[in-house]
Amino acid sequence: MVGQHKLRKISAAQTEIAIWAQMTKLDIPLPEFLINFTLEVIAEKTAQKMRGFIEDNYRKARFQREQYVKER
């Protein structure tokens, strides 16, 4: 599988992430539609996990920054 990603700043608080992937021919004795469907499901789950990870870390960093400002 070969892939790439692109980041695009939408605003000061928002960034869009686009991910593209292409699967090279596999020698698996399964119908191509089944392989493509499976890869699509995997890509969707990966994107959901990535989004959750990024949003959680953003919230943690924002909270830490707010706590730092309060201490000053």
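Me: How much area does the chain expose, and what share of it do carbon and sulfur atoms supply?
Reply: This is a predicted model, in which local features need pLDDT of at least 70, side-chain atom pairs count only at pLDDT 80 or more, and totals for chains, interfaces and linings use all residues. Residues are numbered from 1 along each chain as its sequence is written, and side-chain values use heavy atoms, without hydrogens and water. Accessible areas come from the Shrake-Rupley method with a 1.4 Å probe, and for residues only the protein chains shown count as cover. The chain exposes about 7,100 Å², and the share from carbon and sulfur is 57%.

Me: What percentage of the 72 residues is buried?
Reply: Buried means under 20% relative accessible area, exposed over 50%, and partly exposed in between (1.4 Å probe, protein chains only). Of the 72 residues in the chain, the buried share is 1%.

Me: What is the radius of gyration of the chain?
Reply: The radius is taken over C-alpha atoms, and the globule rule is 2.2 Å times the number of residues to the power 0.38. The C-alpha trace spans about 65 × 20 × 15 Å along its principal axes. A compact globule of 72 residues would have a value near 11 Å, but the chain has 18 Å.

Me: Where is methionine 23 found?
Reply: Helices (H or I, at least four residues) and strands (E, at least two) are DSSP runs, numbered from the N terminus. The elements run β-β-α from the N terminus on. Methionine 23 lies in the loop between strand 2 (14-22) and helix 1 (32-71).
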